[in-house]
Each structure stands twice: as C-alpha cells, then as structure tokens.
Amino acid sequence: LLVSKDLGKHLLEVEDLLQKHGLLEADISAQTERVQALNAAALKFSELEGYQPCDPQIICNRVNHVQTCLEELEELAAKRRKELEDSRQLWTFFQEMEEAEAWIREKEKILAAKSCGRDLSSVVTLTNKHKTMLGELGNRRALLHQTMKKGEKILAKKSFSSVGIQEKMREVCLRWKKLEEVTGLHQQRLEDALNFFQFSAETDDLVAWLQDTYRIVSSDDFGHDDYSSQALLRKHRAVVEEVEKHRASVLSLRKQLALLAPDHRQGVDVQIRVVEVEQLYGEVAEVAVLRTQWLQDALAVYRMFSEVHACEVWVDEKEQWLEKMEVPEELDEVEVVQHRFESLDQEMNSVMGRILDVNQVVQQLVDGGHPSSDEVRSCQDHLNSRWNRVVELVENKKGQLSSVLKIQNFLLEC
C-alpha cells in the first residue's frame, strides 16, 4: 500500500487516497505501540541469568530487525503522505485554474453580446452591472495571482512534469489578458454610449424648453391697459434673460458633439438634431426681440391713451368753463377774469407740452408700422381738434376782454 504509485487523477481521488492513507497511518501508529511493547518484553529474555531458553543475540537481532522494519514502514508512510500532498497541491492548482477558465468563459459570453443599451436608463443599468463585474474581476485577479504562485512552487519542487503545468498557466494567462482587453473595450463602448445618450437627453430637454419658450414669446397677449402691459413686459424680460442664458448651451452643442465617439457623432440624425436646435433657438431669440418691441409699443399706446384721456379731461373742463363764461362789463370784474386767463395761459403751456409729447409718440408708432396706427392717429386727431377748439375759445374770450378793457379805459379818460 505504501509503495503504490497511484497518486490520483483528480482532486477528489487524491482526497480519497489521503483519507485512506490517514487510516493506514493510524494503524501503523497503533502497531508501533504493540511492537515496542513486544520488543521490550523480548529483550527481557536476553537479560536472564542462568537458564536461557534462547540465545540472547538471536533475540536482540530479532528485535532490531522488527524495529528496523517498523522504521522503514514509517518512512514509507511519510514519503507517501508527502507525495499525496504534493499531488493534492497539483490537482488543487488544476482545479483552481479550471474554475478560473470557467469564470473567464462566462464573462466572455456576457461581453460577446456587446449590448450598450437603447436609452440613457438602460445604459446606466448596464454601466452599474459592468462596475460590479469590474469588482469581481479584481477579486478574481487576486485569486488567479495566488494560483499562479502555487503553480510556480509546484514547478520549483520538480515533483511532476512541468509541461502540463506551464501550458495551463500560459493558456489561462492569455485568456485572462484577452478578457481584460475585451472588458476595457466594452467599458469604453459603455462610456461612449453613456455620453451619447446624456448628450441626447440634454438636447431633448433643451428642445422642450425652447418649444415652451417659443409658445410664450409668440403670445399675442399684450395686455389691455398700462398696468397689465407693464406686468407682461416684466415677465417677458425675465424670459429674455433665460433665453440669453441658454445661448451658451446651444453654442456648446457642436463642441459636445465633437467629443462623442465617431460612431455616434457621425450619425445623420444627431447632426440634424443639432442644426434644428440652433435654428429653433434663433427663432426663439428673434421672436423674443419682436415681442419686446410689441410690448413696448403696446405700453406706449396705453400710456398715450392715458395721457390723451388726462388732456381731454382738462380740455372738457376748460371748454365748458369758456363756453359758459360771460365777459363782465365792470372793470373790477374784468381784471379778475383777466388774472384767471393769465393762470390759464400757464396751464395751457403745460398741457400743450403734454400734447406735443403725445403727437411725437403717435408719430413714432405710425412710423414703426404699429398695428393700431389708425386708431392711434384717430385719437391724435381728435385730441388736436379739441385742443384747437379750446385755443379758439380762449382767443375769442381774450378778444372780448380786450374790447371791454378798451371801452372802460375810454370811459375813464372821458
């Protein structure tokens, strides 16, 4: 049993042989105690004085022979244990290498799919899975490194043929190197896909924002009075600021596109998408400028109407006063009325300045092609007509006062 050359053909068989060898060693250990007891008993016969049933030398020789056989048996047992343990190391090495190969084959199948996702969500999921696999790859690399060291130790002992061991180590190393290369390429593809889908998502968000903003800046609501137009203009200026802030994002699209992988940036769809975004932004910015002008024009119109209304209220008041006023004949009363006209002249100068401002605003609106030009012009004509009427009444009343004063002065001189 101890001189057997059967060292097992795989790890399980070696484990079985080691277990059997352990039983044999236990048996030898038990027999060793028995042999030592028997030898001790036999040597007593070699020490007898007087009658000796056997030659003492024969007894000693026999005891020595049995002891030598036992020692040889123990040496053989120790030698076989070492051989079996070396065999276990060898087959453990091969099994670990086979496990490494199986793991490599499994990951090669996964990587062979070359799936990089169809959208941002799927790419993120695959990227997280790939990160997990990279962690497994690091752990497996450490295990493989330990197994390689075991193979080198086995080769150093020269207990077995080195051909199979070296071939297996070379084969696994090559497959591992190829796996790491494929893993790196797959990681790069995932990063390229992630960059592309992030770029697409950001572009889609930008397009959605521009479309919403276009609907806002192309609104035909310009308010119905001074207050509402001012509120709309304030809101619009905030929108214009946001449009200007997004200019950098639109301008950077081509730079971001240039940083994408060739397969992604050379696609016709993505290039068309960038051009569409640039055109849409240009339209939004242009319409925003137009709406600013329209709101300012609307505000100018409403302010003009408000100013016209204020002037007409004054004109109504003075027109009614002038029409009802009768020129007195007494000198004292004439002087009072004359003082009133002096105050009226100051008011008229002030109102005339406001009317001139209204005429200037109207001219600007008409020259600018404002859609309410006809209404504005009509309002202007009506105000100017009313003003001329007041001026005419004032001149008429002043003339009457002047005549009365001349008469009163003539009478005084007489």
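This passage looks at how the domains of a predicted model meet and at some of the salt bridges and residues within the chain.

To start with the layout, the domain assignment splits the protein chain into three pieces: domain 1 (11-191), domain 2 (193-298) and domain 3 (300-413). The centres of domain 2 and domain 3, taken over C-alpha atoms, sit 51 Å from each other. Where these two domains touch, domain 2 puts in 10 residues and domain 3 puts in 6 residues. Between them, domain 2 and domain 3 bury about 600 Å², with 48% of that area on carbon and sulfur atoms. On the domain 2 side, much of the work falls to a trio: D226, D297 and A298 account for 66% of the area that domain 2 buries against domain 3, more than any other three residues.

As for the chemistry of this interface, salt bridges don't come into it, as the count between domain 2 and domain 3 is 0. Polar contacts do turn up, with 7 residue pairs found across the interface, both partners at pLDDT 80 or more. Helix 5 (226-245) and helix 9 (268-324) are the elements that each give two or more residues to the side of domain 2 touching domain 3. By type, the residues on that side break down into 5 polar, 3 charged and 2 nonpolar.

S229 is found in helix 5. With a relative accessible area of 0%, S229 is buried. Setting aside neighbours within four places in sequence, S229 makes contact with F222, G223, A298, L299 and Y302. Of these, A298 is also one of the three residues that lead the domain 2 side of the interface with domain 3.

Helix 9 holds another buried residue, K318, whose relative accessible area is 13%. Not counting residues up to four places away in sequence, K318 touches L344 and E347. Moving to helix 4 (residues 162-217), Q188 is found there and counts as partly exposed, at 41% relative accessibility. Q188 lies 180 residues from G8 in sequence, and the two are 46 Å apart in space, C-alpha to C-alpha.

Now for the charged pairs. Side chains of opposite charge can pair when their charged atoms come close. The total for the model is 23 salt bridges. One of them joins the side chains of E136 and K107, at 3.0 Å from N to O. E136 belongs to helix 3 (residues 120-157) and K107 to helix 2 (residues 56-112), so this pair ties together parts of the chain 29 residues apart in sequence. E136 is partly exposed at 32% relative accessibility, whereas K107 is buried at 8%.

A more local case is R215 with D212, whose closest N and O atoms are 2.1 Å apart. Both are in helix 4, and because they are 3 residues apart, about one helical turn separates them. R215 is exposed, at 53% relative accessible area, while D212 is partly exposed at 37%.

A third pair, E319 and R389, meets through its side chains at 3.7 Å, N to O. This salt bridge links distant parts of the chain, with E319 in helix 9 and R389 in helix 11 (residues 373-413), 70 residues apart. E319 is buried, with a relative accessible area of 14%, and R389 is partly exposed at 33%. The two don't stand alone: D316, E319, R386 and R389 are linked in a network of salt bridges.

Notes:
Residues are numbered from 1 along each chain as its sequence is written. Side-chain values use heavy atoms; hydrogens and water are left out. Domain bounds come from an automatic or database domain assignment. Contact means heavy atoms within 4.5 Å. Buried area is the accessible area (1.4 Å probe) that two parts lose on being put together, summed over both. A salt bridge is a side-chain nitrogen of Lys or Arg within 4 Å of a carboxyl oxygen of Asp or Glu. A polar contact is a pair of N or O atoms within 3.5 Å; within protein, one must be able to donate a hydrogen and the other to accept it, and residues adjacent in sequence count only if both atoms are side-chain atoms. Helices (H or I, at least four residues) and strands (E, at least two) are DSSP runs, numbered from the N terminus. Ala, Val, Leu, Ile, Met, Phe, Trp, Tyr, Cys and Pro count as nonpolar, Asp, Glu, Lys and Arg as charged, and the others, Gly among them, as polar. Buried means under 20% relative accessible area, exposed over 50%, partly exposed in between (1.4 Å probe, protein chains only).
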